[in-house]
Amino acid sequence: MLKKFIHTRIFHDKNPENFTCQIENYFHKKIILLNTNKKIHLSQNQIERIENTFSAYCVAFKDYLRVCSASNIEYPPIYSNSGVKLGVHIMDLNPPWDAELLENYDMPGMITREESKYYKWISGFYSGKGRVVELGPWLGASTRSIVAGLRSNQAFSGQTLLVFDDFVWRKSWMDPYVEEKDRLANHQSFRHLFDRYTAPVATDLTVQRARFAVYDGNESVPPLQWDSGAIELIFVDCGRTIDANQGWYSALSPYFIPNKTIIVLQDWRLHREVPFRWYNQTELFTLSKKQELQMIHELNDGGVATFLYVGGKQ
Ligand SMILES: C[S@@+](CC[C@H](N)C(=O)[O-])C[C@H]1O[C@@H](n2cnc3c(N)ncnc32)[C@H](O)[C@@H]1O
């Protein structure tokens with residue numbers, strides 16, 4: 001019933017104020033009803049089902065509100081190397097990166113096709129004002145897509161993509177993505193696999209082993225340190241917890257350029273997973289930086305959301 005109500009309101013109500021009031025009234029009534037009703041016995045299984053249904057509605061509502069708020073987002077103009085102005089795209093069905101052509105790298109990877117296209121497309125907006133950084137490339141599928149975009153961008157000539165990872169193999173979630181021959185012992189370094197799969201673009205990379213937070217076998221890896229000046233474009237794919245994200249943010253955000261640095265967060269949309277899981281803290285992390293980060297893109301297929309660093313805007 002709730003689903004039908006939302007559907008009718010969203011698709012047939014042309015008056016935004018009316019729509020807002022109806023949604024508010026609906027939930028007010030339901031909450032009062034819940035508070036005054038006599039308790040009934042529910043099994044654990046039934047409670048979980050209800051919880052998950054409400055979580056799913058909550059995700060759908062918040063998705064919808066982000067799409068609606070896209071037209072409110074304002075930021076200074078940013079142009080690509082071919083003069084295209086960077087727009088806001090929140091779950092667009094026909095986003096501009098759709099037109100990107102992809103090479104087949106024939107290698108394991110954890111990102112979707114839409115994400116590969118996006119990585120290539122967004123790299124066209126690099127202007128040379130700071131460095132391009134990737135955190136968490138794993139075997140380099142994302143790295144190859146980023147370099148594909150950077151190579152056709154004049155502003156990148158004479159530069160390298162700075163890549164950081166702890167290169168620690170975690171059998172439980174890495175093994176399923178590779179063939180038997182590439183499976184390593186738990187906590188073994190996988191740097192040689194990264195080097196093999198990124199060999200065609202090795203001259204475009206500066207690679208360093210570093211950890212962003214202490215995590216599962218990386219205790220002896222040195223912490224991330226930065227001495228390469230301003231950062232203009234950064235791709236982050238290294239964990240969903242506040243701890244993991246705060247690690248790189250503390251080390252690198254002093255080098256971000258207000259109204260210029262673009263931050264691509266690969267795992268952001270994982271907070272939408274139902275049932276909710278404690279470690280999916282990406283939305284909480286960006287909320288905690290609300291004055292500094294403005295969302296500008298969100299993909300449909302995969303986990304990517306992208307933020308512009310606005311540097312302490314009130
Ligand atoms: C999901 S994988 C990245 C997938 C990759 N971008 C691709 O295209 O296939 C996450 C990567 O982050 C790295 N990582 C996770 N936590 C880390 C940490 N605390 N410090 C350094 N690297 C970390 C892992 O070693 C792994 O390479």
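1. Helices, as named here, are DSSP runs of at least four residues, numbered from the N terminus. With that in hand, here is a place to start: Arg113 sits in helix H4. Please keep in mind while reading that this is a predicted model.

2. Is Arg113 buried or exposed? A residue is exposed if 12 or fewer other C-beta atoms lie within 10 Å of its own. Arg113 has 12 of them within 10 Å, so it is exposed. You can also compare sequence and space for this residue: Arg113 and Ile257 are 144 residues apart in sequence, and their C-alpha atoms are 29 Å apart in space.

3. Now look at the rest of H4. The helix as a whole is mostly covered, since eight of its ten residues are buried. The buried residues of H4 are Glu115, Ser116, Lys117, Tyr118, Tyr119, Lys120, Trp121 and Ile122. What lies over them? The cover includes helix H5, strand S5 (231-236), strand S6 and strand S8 (305-309).

4. Tyr118 is a good residue to click on next, and its place is in helix H4. The cut-off for buried is 20 or more other C-beta atoms within 10 Å. Tyr118 has 27, so it counts as buried. Setting aside residues up to four places away in sequence, Tyr118 touches Trp97, Leu299 and Val304. Val207 gives another pair to try: it is 89 residues from Tyr118 in sequence and 22 Å from it in space, C-alpha to C-alpha.

5. How do H4 and H5 meet? Helix H4 (residues 113-122) packs against helix H5 (residues 141-151) at an angle of about 35 degrees, and their axes are 6 Å apart. The crossing in which H4 passes H5 is right-handed. On the H4 side the contact is made by Ser116, Tyr119, Lys120, Trp121 and Ile122, and on the H5 side by Ser142, Ser145, Ile146, Ala148 and Gly149. Sorted by class, the contact has five nonpolar, four polar and one charged residues.

6. Helix H2 makes a friendly exercise in checking a length. How far apart should the ends of this helix be? H2 (residues 16-36) has 21 residues, and at 1.5 Å a residue they should span 30 Å. The end C-alpha atoms of H2 are 31 Å apart, which agrees. The covering of H2 is easily stated too: it is hardly covered, as the count of buried residues among its 21 residues is zero.

7. Next, the ligand. How many residues surround the ligand? There are 20, and the closest are Met110, Gly136, Trp138, Ser142 and Asp166. By class, the shell around the ligand divides into eleven nonpolar, five polar and four charged residues. Ser142 is worth a second look, for this residue of H5 also takes part in the contact with H4.

8. Val132 takes us to a strand, S2 (residues 131-135). Val132 counts as buried because it has 26 C-beta neighbours inside 10 Å. Leaving aside neighbours within four places in sequence, Val132 is in contact with Tyr126, Leu150, Leu161, Glu232 and Leu233. Val132 and Thr261 are 129 residues apart along the chain, yet their C-alpha atoms are separated by 9.6 Å.

9. Some backbone details in the loops deserve a check. Which residues have a positive phi although they are not glycine? Met91 has a phi of about 50 degrees, and Asp106 also has a phi of about 50 degrees. Met91 lies in the loop between strand S1 (89-90) and H4, and Asp106 lies in the loop between S1 and H4 as well. Their surroundings can be read from the counts: Met91 is partly exposed, with 17 other C-beta atoms within 10 Å, whereas Asp106 is exposed, with 6.

10. One peptide bond to find is that from Val274 to Pro275, which is cis, with omega near 0 degrees. Pro275 belongs to the loop between strand S6 (262-265) and helix H9.

11. Finally, visit Glu292, in the loop between helix H9 (282-287) and strand S7 (293-298). With 19 other C-beta atoms within 10 Å, Glu292 is partly exposed. Glu292 and Tyr75 are 217 residues apart in sequence but 12 Å apart in space, C-alpha to C-alpha.

Key: Residues are numbered from 1 along each chain as its sequence is written. This is a predicted model: local features need pLDDT of at least 70, side-chain atom pairs count only at pLDDT 80 or more; totals for chains, interfaces and linings use all residues. Axes are lines fitted to C-alpha atoms, for helices over the stretch in contact, and angles run from 0 to 180 degrees between N-to-C directions. Helices (H or I, at least four residues) and strands (E, at least two) are DSSP runs, numbered from the N terminus. A crossing is left-handed if the near helix is turned anticlockwise from the far one by less than a right angle, and right-handed if clockwise. Two residues are in contact if their C-beta atoms, placed from the backbone, lie within 7 Å. Ala, Val, Leu, Ile, Met, Phe, Trp, Tyr, Cys and Pro count as nonpolar, Asp, Glu, Lys and Arg as charged, and the others, Gly among them, as polar. The expected span of a helix is 1.5 Å times one less than its number of residues. A residue is near a molecule or strand if its C-beta atom, placed from the backbone, lies within 6 Å of it.
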